[in-house]
2 protein chains.
Amino acid sequence: MKILLYIILVTILLATSSARYGVVAQQSKVREYRIANEHRILEEFVTLLSIPNVASDHVNIRRNAALIIEMMKRRGLEPRLLEAGNSVPPAIYGEWKVPGATRTIILYAHYDGQPTDPKQWAGTMPWQPTLRSAALEAGGTILSMPKPGEKIDPEWRLYARSASDDKAGVMAILTAVDALKAQGIAPTSNVKFFFEGEEEAGSSHLGDIIRDQKLLEADAWLICDGPVHQSGLKQVVFGVRGDTNVDLTVYGAKRPLHSGHYGNWSPNPGLILAKLLSSMKDEAGRVTIAGWYDDVAPLGETERRAIEEAPHYDNELKTQLGLARTENAGKSLLELINEPSLNINGMSSGDVGALARNVIPTTASAVLDLRLVKGTDYQRQVERLIAHIRKQGFNVIDHDPTDQERLTRPLIAKVVHRDGGYNAERTRMDLPVALSVIAAVQATSAKPIVKLPTSGGSLPLSIITNNLRTVTITVPIANYDNNQHAENENIRLQNLWDGIETIAALMTMPNASSAK
Amino acid sequence: MKILLYIILVTILLATSSARYGVVAQQSKVREYRIANEHRILEEFVTLLSIPNVASDHVNIRRNAALIIEMMKRRGLEPRLLEAGNSVPPAIYGEWKVPGATRTIILYAHYDGQPTDPKQWAGTMPWQPTLRSAALEAGGTILSMPKPGEKIDPEWRLYARSASDDKAGVMAILTAVDALKAQGIAPTSNVKFFFEGEEEAGSSHLGDIIRDQKLLEADAWLICDGPVHQSGLKQVVFGVRGDTNVDLTVYGAKRPLHSGHYGNWSPNPGLILAKLLSSMKDEAGRVTIAGWYDDVAPLGETERRAIEEAPHYDNELKTQLGLARTENAGKSLLELINEPSLNINGMSSGDVGALARNVIPTTASAVLDLRLVKGTDYQRQVERLIAHIRKQGFNVIDHDPTDQERLTRPLIAKVVHRDGGYNAERTRMDLPVALSVIAAVQATSAKPIVKLPTSGGSLPLSIITNNLRTVTITVPIANYDNNQHAENENIRLQNLWDGIETIAALMTMPNASSAK
């Protein structure tokens, strides 16, 4: 088996080695184009980032889609919206057909972003893209947009929601198209484009959008999302964790009570929630819910080796993040992202800080994030969670309790499984198309790239492979310290520049006929 | 001892029985005045409630003080500000000297209110006083202010911050003055007035304001604050719990992290906080911090009997509040407020609801409310709390951690003891002045009034008795379901009307020469 793989790889390398000089020459032409057009690229990106893009914001999400349609029309990519209903963010499809190409790839990115509270941003606003001279944490100061002719420093950061996650993907893909067209380089595959508008809201309608779509047939979906390795090395990732969210609420009295007049008599929902959450993980951070780790599919030999070969960056990360310890001590980050997780995204009861009052709040709430790995099913994990909550003595309901329920049930937990969960996905690292992608990305990098069986993050890739006969491979471009999903999201410009070259390399990767 | 008390009580009753008809006649004159002036009283009250009154809001708190000064000047009460610095809310002093009076009482209320988030109010705003036809929870609808001549229903509720707590006290006191003056009734004591402006912020400067103030000498301070009994019965309360607040923060990584890429590797501060809070109380809600209940001064015989005689209202309350169980099961509310408590006023980490994101937050915070009873010292309880946190493995600091601290200490808790704590206070129920107050309030009520050794709530009464040779007795007027300290605070108009009669009765209480 190993020998067979070796032969395939050598075949591809031989098939491509004659094109090797060509690859390097292409890369420098793409770079040349980018260097000559940085101001225009930045301006177009800022326009795209200026439209609020939370999936539930129906009006603005369609303004994003309309702008992207226009951007793709300008590039001759024959765009169209793929719809799943008026109130659902549309996906955007486009294509660049190449006469004679025998392979088809789909380049995927998403244009929606995570919700955010503008008040939590430091000095800039989420949808008013702003340059800083460096990362905020490194003392980066706000810059005005560069005037034509003014030099653009690749270490500058552009701050905006989705600057990295994932309008950077949209922008890198469309700019790679520009570069190839401008330099007269044809792709080696038929290239299709698929920009999703609901990824950060859980891709609830992605299955509806792509089901039975002949349009979307392809040999592989190449997913441009997520960060490169923490060391700055480029990486290719063959899987993602699955993801689902649960809202949890527990109850005190029906109305807020004075904590003096009723304190230590009326139950405090904050305490009830604290005890319930505490019961879910041990001191080391290991999940104590029965069966949590039971269904995990073991890693294959290739995957285990890839993890061993990947740079182990835990100590550097601990220093950067100010951590004297990690959860599940003894296991590395790369090992742990191959296990299912349970995270408290947020919890709230009453107020803290200046608005805090001497009250017993009426409720306490938490939002839980469940990550799945190959083998674990998101519905089943939620069932295990609910069984655990019941075992702690709670009556579990899916609505705010009625008076009757309040008066007859000492402990009540409202558990709402949010829409839009999905399972993990993992593509075998030894498939021919996988080896082609690895070779193409490696060709753009002087340093060895990182190959990972799975990312810690999630994408709805299982929805794609469940609905279409294809595989998915993720090729991220963003800097790892991009504050993805949080306030002060940003992209380092060099990552965007490198990303354009990476995507161009995927579009022009040697057409080894054995690849899939 | 019992016989002596009995003799004193009989003496007072005899001394006052000849005045008994007079008391009833006075009460009906006060009522007559109120009925004729309800529109004017309401209008003046609305004006007072329209000024934001959070103690830290320096500009507005002085606007409140200026208005009250003006209100007192109109009544000839010779008001003046008592100051403890420019940035400290002033107290307001006034007096009504009565020729020949041998007793002096001080009527106390506070004009500041708890902070509040206007967004949490249902349909009305905290400083835009609004009438409802009944309590919000009972379906009360918004009414426009009654025009002259229009009937005012005593079951209407006025919604505004401090409508009950405690501008109702200021308003009832000043209106009682109006009523007595209008009807030509002289007080039986010299009456002094003291309106505090920093009570809800912990009365940090009350000691500075009253220390060595000859002005403030009095036989008793009568405190008009807090709610009447839950049954609606008037009550006289001889003590208050002490109170202090602690802010608690625990830490994860220095920046918010993607919960997929780092979840179950980077420590989650929400979980750390949940485990820490859980460790402080057992499942029944009993505080597990070592020594918490050690210093409690036992109740005397009179106090125990008063608790036994008071209406036990727990079952009705549980029904109203939707509670199937209470903390410390088996003990009644009245027993439990004679014990020190620990309440989670609020806790927060990341966001819940629509703003929730798949992140590991950087911090988790809680605000704790510690209530003290006679015998327990607030500084000492905070020391016990800190010792407990240390015992859970935390390094306790009073500042945000430095990088060095983060990297060397696996568990860090920032513990900040807020300014303004104070101890409990309890006046003996068998003092002559206590018996006079009981008799005066009882005379205004057809039903037996409730006498309680302590309230569950807190007032800085120990600061008064530590600085001045006097005693304090609390005579509350607000409805118990006033949402004190929370959103949707309100007063039932009948409680304000009754309060005016209660205060007038205190000002004219039979001048039993033996009373103190």
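Here is a chat between a biologist and a modeller about this predicted two-chain model.

Biologist: Before we start, which ground rules apply to the numbering and to the confidence cut-offs?
Modeller: Residues count from 1 along each chain as its sequence is written, and chains are lettered from A, with ligands numbered from 1, in the order in which they are written. The model is predicted, so to speak of local features takes pLDDT of at least 70 and side-chain atom pairs count only at pLDDT 80 or more, while totals for chains, interfaces and linings use all residues.

Biologist: OK, what turn lays chain B on chain A?
Modeller: The superposition is by least squares on the C-alpha atoms of residues with pLDDT of at least 70 in both copies. It gives an RMSD of 0.1 Å, with a shift of 0.0 Å along the axis. The copies are thus related as by a two-fold rotation axis, and the turn is 180°.

Biologist: Do the copies meet through the same surface or different ones, and what share of chain B's interface residues tells us?
Modeller: Contact here means C-beta atoms, placed from the backbone, within 7 Å. The copies meet through the same surface, because the share of chain B's interface residues that are also interface residues in chain A is 100%.

Biologist: Which element of chain B gives the most to the side that touches chain A?
Modeller: The contact takes 78 residues from each of chain B and chain A. On chain B's side they split into 28 nonpolar, 32 polar and 18 charged, where Ala, Val, Leu, Ile, Met, Phe, Trp, Tyr, Cys and Pro are nonpolar, Asp, Glu, Lys and Arg are charged, and the others, Gly among them, are polar. With 9 residues, the top contributor is strand 12 (residues 341-350).

Biologist: Now chain A alone: how does its radius of gyration sit against the globule rule?
Modeller: Chain A has 14 helices and 21 strands, taken as DSSP runs numbered from the N terminus (helices H or I, at least four residues; strands E, at least two). The rule, 2.2 Å times the number of residues to the power 0.38, is set against a radius over C-alpha atoms. For 516 residues the rule gives 24 Å, so chain A is as compact as a globular protein of that length, with a radius of gyration of 24 Å.

Biologist: What separates the centres of its two domains?
Modeller: An automatic or database domain assignment sets the bounds: domain 1 is 2-238 + 427-507 and domain 2 is 242-299 + 338-417. Contact between them involves 4 residues of domain 1 and 6 residues of domain 2. Taken over C-alpha atoms, the centres in chain A are separated by 36 Å.

Biologist: Which residues touch the most other members of the largest nonpolar core?
Modeller: Such a core is a set of buried Ala, Val, Leu, Ile, Met, Phe, Trp, Tyr and Cys residues joined through C-beta atoms within 7 Å. A residue is buried if 20 or more other C-beta atoms, placed from the backbone, lie within 10 Å of its own, exposed if 12 or fewer, and partly exposed in between. Leu222(A), for one, has contacts including Ile105(A), Tyr108(A), Val437(A) and Leu506(A). Of the 293 core residues, the ones that touch the most others are Leu222(A), Val437(A), Leu222(B) and Val437(B).

Biologist: Is Leu459(B) buried or exposed?
Modeller: Leu459(B) sits in the loop between strand 19 (455-458) and helix 13 (461-467) of chain B. Beyond four places in sequence, Leu459(B) touches Glu199(B), Ile223(B), Asp225(B), Val240(B) and Thr474(B). With 30 other C-beta atoms within 10 Å, Leu459(B) is buried.

Biologist: Any odd backbone? What is the peptide bond from Asp165(A) to Asp166(A)?
Modeller: Most peptide bonds are trans. Asp166(A) is in the loop between strand 6 (157-159) and helix 4 (167-182) of chain A. In chain B, the bond from Asp165(B) to Asp166(B) is cis, with omega near 10°. For Asp165(A) to Asp166(A), omega is near 15°, and the bond is cis.

Biologist: And what phi does Asn483(A) have?
Modeller: Most residues other than glycine have a negative phi. Asn483(A) lies in the loop between strand 20 (471-474) and strand 21 (490-492) of chain A, and is buried, with 25 other C-beta atoms within 10 Å. Asn488(A), in that loop too, has a positive phi of about 60°. Asn483(A) is not a glycine either, yet its phi is positive, at about 60°.

How values were computed: Contact = placed C-beta atoms within 7 Å.
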